[in-house]
Amino acid sequence: MDERPVDAGALINELEGHLLIEATRGEGRAEAGLFTRQFGWLTDSQRVEVEERFAEAYVALAGVSWRRTVQRGAELRGEYEGAYRVLRRRLVAGWLVGMGLLSAAGIVVLSLVRP
């Protein structure tokens, strides 16, 4: 038996992935049924074949969409992290300048008060 600790986050992600794929397969089968209903001339075996291929294509297209979404999410994350770093630097620089000005003003006031 493997003695490594179980990564609960990875396990949950994997389980969610399987559930998402199964839900998408179900959606694909349902959409395939709706699609083939319009072709009353199909035999039962032809209908089954078309539905299977439609469902496979549906899942494949969903996978492409998911990969694009992940890619775009990574791009946006990079953009927002960059913007956050710039804003954080500006905030720290502004705070340092403000503290410097406040300290200088305090020194000037103290030098005027104590001759």
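1. Arg72 and Glu75 both belong to helix H2, three residues apart, which is about one turn of the helix. Helices here are DSSP runs of H or I with at least four residues, numbered from the N terminus. The model is predicted, so local features need pLDDT of at least 70 and side-chain atom pairs count only at pLDDT 80 or more, while totals for chains, interfaces and linings use all residues. Residues are numbered from 1 along each chain as its sequence is written, and side-chain values use heavy atoms, with hydrogens and water left out.

2. Arg72 and Glu75 form a salt bridge, with 3.1 Å between the closest N and O atoms. A salt bridge is a side-chain nitrogen of Lys or Arg within 4 Å of a carboxyl oxygen of Asp or Glu. Arg72 also meets the side chain of Glu79 in a salt bridge, at 3.7 Å from N to O. Arg72, Glu75 and Glu79 are thus linked in a network of salt bridges.

3. The residues of this network can be placed by accessibility. Buried means under 20% relative accessible area, exposed over 50%, and partly exposed in between, with a 1.4 Å probe and protein chains only. Arg72 counts as partly exposed because its relative accessibility is 40%. Glu75 is partly exposed at 37%, and Glu79 is partly exposed at 48%.

4. Helix H1 has a salt bridge as well: the side chains of Glu22 and Arg25 meet at 2.6 Å, N to O. Glu22 and Arg25 are three residues apart in H1, about one turn of the helix. Glu22 has a relative accessible area of 41% and is therefore partly exposed; Arg25, with 37%, is partly exposed. The whole structure has five salt bridges.

5. Helix H2 covers residues 44–113, which makes 70 residues. From its first C-alpha to its last, H2 reaches 100 Å, close to the 104 Å expected at 1.5 Å a residue. The expected span is 1.5 Å times one less than the number of residues in the helix. For H1, the 30 residues should span 44 Å, and its end C-alpha atoms are 44 Å apart, which agrees.

6. Which residues of H1 are buried? They are Thr24, Gly28, Ala32, Gly33 and Thr36. What covers them includes H2. In H2, Ala55, Ala62 and Gly63 are buried, and their cover includes helix H1, residues 8–37.

7. Thr24 is found in H1 and counts as buried because its relative accessibility is 4%. Leaving aside neighbours within four places in sequence, Thr24 is in contact with Tyr58, Val59, Ala62 and Trp66. Contact means heavy atoms within 4.5 Å.

8. At the N-terminal end of H1, Asp7 acts as a cap: one of its side-chain oxygens lies 3.3 Å from the backbone nitrogen of Gly9.

9. A nonpolar patch on the surface is formed by Val92, Trp95, Leu96, Met99 and Leu102, with about 520 Å² of accessible area together. Patches are made of residues with over 30% relative accessible area and no salt bridge; like charges are joined within 9 Å, and nonpolar side chains (Val, Leu, Ile, Met, Phe, Trp, Tyr) within 5 Å. Leu102 lies in H2 and is exposed, because its relative accessible area is 58%.

Conventions: Helices (H or I, at least four residues) and strands (E, at least two) are DSSP runs, numbered from the N terminus. A polar contact is a pair of N or O atoms within 3.5 Å; within protein, one must be able to donate a hydrogen and the other to accept it, and residues adjacent in sequence count only if both atoms are side-chain atoms. Accessible areas come from the Shrake-Rupley method with a 1.4 Å probe; for residues, only the protein chains shown count as cover.
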